Every structure is written in structure tokens, then in C-alpha cells.
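Let's take a friendly look at the aromatic rings of this protein and at how they sit together. Have the sequence and the structure at hand as you read.

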Amino acid sequence: MEHFDLYTIKARLSPAIITVAPAIALLVAILNLQSFGATEVWASMGLVVVLYALSHVSREAGLKVQNRVYRDNDGRPTFDPIYYDDRTFSDEAKLRYLAFLSGKLRRPYPTMQQAAADHLTAKQFYNEAATWLREATRDTGQFRIIYDENITYGYFRNLLGLKWVALTLNLAVTVFCLLIIFERVPWFKDAAASLPYVLAVSGIHGLYVLFGVSEARMRNASKRYARQLLLACDTLDIAAAP
């Protein structure tokens, strides 16, 4: 398996674990960890493999959501803080950042009038500027805040991509637990005493996924990430000074 770095664990694996959390709780209740044997070992190993695979599914689902949300921007997050009508930074700071990025991209930045008259050309400059900044801030030690904001964005993006999978699985686990508790199925009767705890996990999980995972949260995380990227212009400018 590939190396699980911090981004993979927090932005890809965490959404995968959250997605299947009710199923994991049900599995623990059914396996009866007090009598952990060979069957349980194989089941646990299988769960690790499933989570590993689901981390890749998490990334792909997140990219699909990103492409849908930012369809007008070629599937990339918008670099909002650099837009003239965005008030994240003062006009003076924004012009300073634009001038710096213009020098790095070796072409003039769009003026306010040009951006208003030709949105596509201006957007192309902004996207190229964002790409340059991402590549210039790969040092996670020097640009730790940017790295953390990127992880947060990836987390909400990927979890949003899995939202309906998580809710569907939650509903299936809840129904299955109720069937066992009310003796509508002949299996796993020994686990019935633990199932109220599984239902509690499912309830908390359902509320979080339903109300805590949204496109708005993903967009907000994207804006915070873009803000930190643009702030890096000052650090990079100082570093490049003779």
C-alpha cells in the first residue's frame, strides 16, 4: 500500500471512516470483541482493506463534486480573494499581490476594467496564478497553514462526495439493528443488547452528515485555502528579494 501521509489520512481516509462509521459500530457489536478469534481477525483485516479502497473512492467522489460545483471554472476551485469585487483584502494589498504574480507569470495582470470587459481572460490569469502559488508553496514545513487549510478543504470536499453513500448506509444499519432488536430476523440475537449503542452512533452520524456536510462548508474551506495562498505572496516576495 502507498504511504499514508497526513493529507491522505485526514482528507481521504477520515471521510471514508466517517462514511462507514455506523457499519463499523454494527460490526463491533456483532463480532463480540470479548471472544476475539480467527474469524474476527480476518474480518478486521478485511475492514482495513475496505477503508483503504474507500479512501480512493473518497477522492474520486470529491473530485466529481468539485467539478460540478466549479464547472464554470474548469472544475477548479475559484481563486476568490484575488477578484476585484472580493473584499477579503484591501485594494492596495490586492494590487501588490497581482503585481507580484504578474512578474512570476511574465504577463500583465488584468485591470479592473479589463476584468469586467473580458471575464474569461481574467479568469485564466487568476487560475494560472493559483496554480503557480500551489506549486510554489509545496514546502509543508514553511507553509504549514496553507497545508492545513488544503487538508480541511479536501476533507469537506471528499466527505460531501460521499454524503449520500453515508446516509444510505446509515439508514441500512439503523433498519438492520431495529430488525434484530424486535426479533424480525433470526440472526445475531446475542448482539441485541449492544445495538442501542449502535443506534446512538447512527443517530449522531446521521445528524452530522445531514447538517454538517454541505456545499457551503466546502466553499468556505476553499475560500480560506485561497486566502492563505494569496498571503504567501508576501513570504515568497521577501524570499526572492536580493
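## Tyr83 and its partner

In this predicted model, Tyr83 has a relative accessibility of 23% and so counts as partly exposed, since buried would require under 20%. Tyr126, by contrast, is buried, with a relative accessibility of 2%.

A pair of aromatic rings is described by the distance of the centres and the angle of the planes. For Tyr83 and Tyr126, the centres are 4.7 Å apart and the planes are at 50°, a tilted pair. This contact joins distant parts of the chain: Tyr83 belongs to the loop between α3 (38-69) and α4 (91-105), while Tyr126 lies in helix α6 (residues 119-136), 43 residues apart.

## Phe125 joins in

What kind of pair do Phe125 and Tyr126 form? Their ring centres lie 6.3 Å apart and their planes meet at 80°, so the pair is edge-to-face, as angles over 60 degrees count as such. Phe125 is buried too, at a relative accessible area of 1%.

Put these contacts together and you have a cluster: ring pairs link Tyr83, Phe125 and Tyr126. Across the model, the count of aromatic pairs comes to 6.

## A charge over a ring

One more ring deserves a visit. Trp164 has the charged end of Lys163 sitting over its ring, 5.9 Å from the ring centre.

Key: Residues numbered from 1 in each chain as written. Predicted model: local features only at pLDDT ≥ 70, side-chain atom pairs only at ≥ 80, totals over all residues. Heavy atoms only, no water. Phe/Tyr/Trp six-rings, centres within 6.5 Å; stacked < 30°, edge-to-face > 60°. Helix = DSSP H or I, 4+ residues; strand = E, 2+ residues; numbered from the N terminus. Buried < 20%, exposed > 50% of the residue type's maximum accessible area, 1.4 Å probe, protein only. Lys NZ or Arg CZ within 6 Å of the ring centre and 35° of its normal.
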